[in-house]
Amino acid sequence: MAVVVKTYEPKFWDRFYLPAILKGLAITLTRIFVRKDTILYPEHKHVPAPGYRGLHRLNKHADGRIKCVACEMCATACPSNCITIEPSAAPWDDGEERYPIKFEINLLRCIYCGFCELACPKDAIELTEVYDFANYTRDSLVIDMDGLLEVYEVTSQGSIYTRQNAGQPVKVAQQL
Amino acid sequence: MSEALKNFGVVKAEEMVLNMGPQHPSTHGVLRLRIRTDGEIVSHIEPHIGYLHRCFEKHCENVTYPQVIPYTDRCDYLASMNNNHVYAMAVEKLMDIELPERVEYIRVIVAELQRIASHLMALGAMGLDLGGVTPITWTFRDRERILDLFEYTCGARLLYNYIWIGGLSHDLPPKFVQYANEFLDYFEKQIVEYDRILTYNKIFVERTADVGVLPVDVAISYGCSGPVLRGSGVNWDLRKNEPYSIYDRFEWEAAVGKGEVGTLGDCWDRYWVRVEEMRQSVRIVRQALAQLPKEGDVHAAIPKKIRPPKGEIYFRAENPKGDLGFYIISDGSPVPYRLKMRSSTFCNLSVLNEIARGWMISDVVAILGSLDIVLGEIDR
């Protein structure tokens with residue numbers, strides 16, 4: 001049996017617990033006059049700091065061509081094996097020789113460590129600030145190349161959460 | 001007279017087995033406690049673990065050394081920075097890497113901020129378990145500021161992947177020092193407020209003082225560490241006793257329980273050690289921010305190819321919850337041959353049966369809260 005010793009003996013008045021409760025209430029009541037720390041989430045979104053590691057995107061060149069050359073460095077660096085790439089010869093003559101015909105990221109497997117972003121020699125894959133892309137089915141959380149390029153379209157024009165807070169209807173989750 | 005007639009009218013209390021968890025809110029995750037009770041009194045507790053087992057150690061044998069770091073994040077997910085730090089130091093020791101000064105300072109700053117965040121969670125959750133709902137909202141509010149600082153530094157709020165082998169993933173962002181100092185100024189006042197609302201609250205003291213006394217010999221024989229061991233009055237802090245990184249450069253004291261209310265080694269002492277440790281962490285971060293070298297490339301010492309030489313190493317360091325150790329065997333390949341993690345909360349939880357026997361079921365909640373377990377680290 002464990003040691004059961006009583007050395008702490010509450011005073012007579014402490015037994016009522018009322019002074020302790022009132023004291024606690026007095027402390028919490030002072031909080032009414034302090035600026036609140038919470039935000040009303042779905043209406044007002046938290047804007048992450050730059051460099052936040054959220055949903056992925058695939059970057060494009062200025063002429064609309066995909067930056068990815070399907071070297072599969074990101075897939076090698078990935079600790080959770082969530083990137084699937086199928087390379088193919090590029091249809092254009094100038095520029096890179098390879099491009100991906102399939103680029104899939106399983107967002108449920110992804111651990112958002114950011115190694116893919118760092119491994120990429122062409123700055124093609126990038127993690128964006130998007131964090132609210134929950135969905136109902138597992139299939140819908142496997143994002144393909146079109147989805148990744150669409151995320152680029154939406155997120156390349158500045159922070160989507162600042163725009164949403166300003167009242168603009170910007171959505172990323174719908175194409176997932 | 002028949003047997004049935006002889007026992008007629010005799011009330012006999014028998015022991016009952018009670019399952020607490022795995023969905024019980026006070027078990028801090030998915031832990032099942034099999035409690036044998038005699039009425040309301042606990043006579044035996046058996047923790048059933050493994051609900052969060054993710055094959056961490058086996059998984060590490062299949063990924064390269066840097067790829068292990070995001071997985072160490074997920075062990076003790078309330079103290080990811082410290083896990084990163086210990087693992088990185090273990091591999092660095094194996095590879096004999098000298099670190100730039102600036103890297104060491106930034107590591108200490110983020111590790112100590114993470115220690116504060118982890119202890120805040122422990123305090124709030126313990127208060128919540130004992131019926132005080134306000135403290136957890138306050139500790140979460142302050143923890144949120146630390147997470148905001150981390151988000152600003154490395155782009156993640158919980159699982160950072162920040163401390164790498166030989167360096168850091170990012171340098172500190174501009175104005176970090178200013179923001180961190182502002183936070184510390186704000187936070188020091190908050191600790192006083194926690195003392196007022198929780199630490200010296202009569203109801204809280206009555207629930208925790210004298211409850212679940214952990215004697216020193218039991219603590220040591222079970223391998224307890226961290227605030228659980230120091231709550232029993234043992235001055236054992238690896239940052240002091242086996243200084244690693246640059247902890248010997250700062251002025252601070254290890255928080256050791258004194259038995260201020262009740263017996264030495266009770267739940268209140270373990271709680272108080274965490275509060276005191278937050279104060280000491282604030283001191284360390286202040287000094288580190290003041291001494292932080294301006295120059296230095298955080299990527300300079302990161303090796304191009306991480307292939308530790310053949311050999312093995314055991315490295316341990318002080319995590320918010322106790323001694324965290326990594327035992328790594330390298331066969332010269334880029335993948336660890338074997339990686340064993342010595343988790344502190346596993347040992348701390350094992351002492352539960354020893355200290356909770358003889359107390360009531362409601363005290364088990366207090367004792368479990370004071371042990372501050374994280375199931376991610378226990379099950380790995």
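Okay, a definition to kick off: two strands pair if DSSP finds at least two bridges between them. And the strands themselves, like the helices, are DSSP runs numbered from the N terminus, with at least two residues (E) for a strand and at least four (H or I) for a helix.

Quick housekeeping. What you're looking at is a predicted model, where local features need pLDDT of at least 70 and side-chain atom pairs count only at pLDDT 80 or more, while totals for chains, interfaces and linings use all residues. Residues are numbered from 1 along each chain as its sequence is written, chains are lettered from A and ligands numbered from 1 in the order they're written, and side-chain values use heavy atoms, leaving out hydrogens and water.

So, chain B. Strands 6, 7 and 8 make an open sheet in the order 6-7-8, with antiparallel pairing. Which strands sit at the edges? Strand 6 (311-319) and strand 8 (338-342) of chain B, since each pairs on one side only. Strand 7, residues 322-330, is joined to strand 8 of chain B by five bridges, and in strand 8 B:Arg338 is the bridge partner of B:Ile329. Lying across strands 6, 7 and 8 of chain B is helix 4, residues 80-95. That helix runs at about 150° to strand 6 of chain B, with axes fitted to C-alpha atoms, for helices over the stretch in contact, and angles going from 0 to 180 degrees between N-to-C directions.

Now scroll back to a hairpin in chain B. Strand 2 (residues 32-38) and strand 3 (residues 41-48) pair antiparallel over seven bridges. B:Arg32 stands opposite B:His48, and B:Gly39 in this hairpin has a positive phi near 70°.

Okay, where do the chains meet? The contact (heavy atoms within 4.5 Å) takes 34 residues from chain A and 43 from chain B. About 3,300 Å² is buried between them, with carbon and sulfur atoms giving 57%; buried area is the accessible area, with a 1.4 Å probe, that two parts lose on being put together, summed over both. On chain A's side, A:Tyr8, A:Ile27 and A:Arg53 supply 20% of the area chain A buries against chain B, more than any other three residues.

How many salt bridges link chain A and chain B? Two, counting a side-chain nitrogen of Lys or Arg within 4 Å of a carboxyl oxygen of Asp or Glu. One such pair is A:Asp37 with B:Arg145, at 2.8 Å, N to O.
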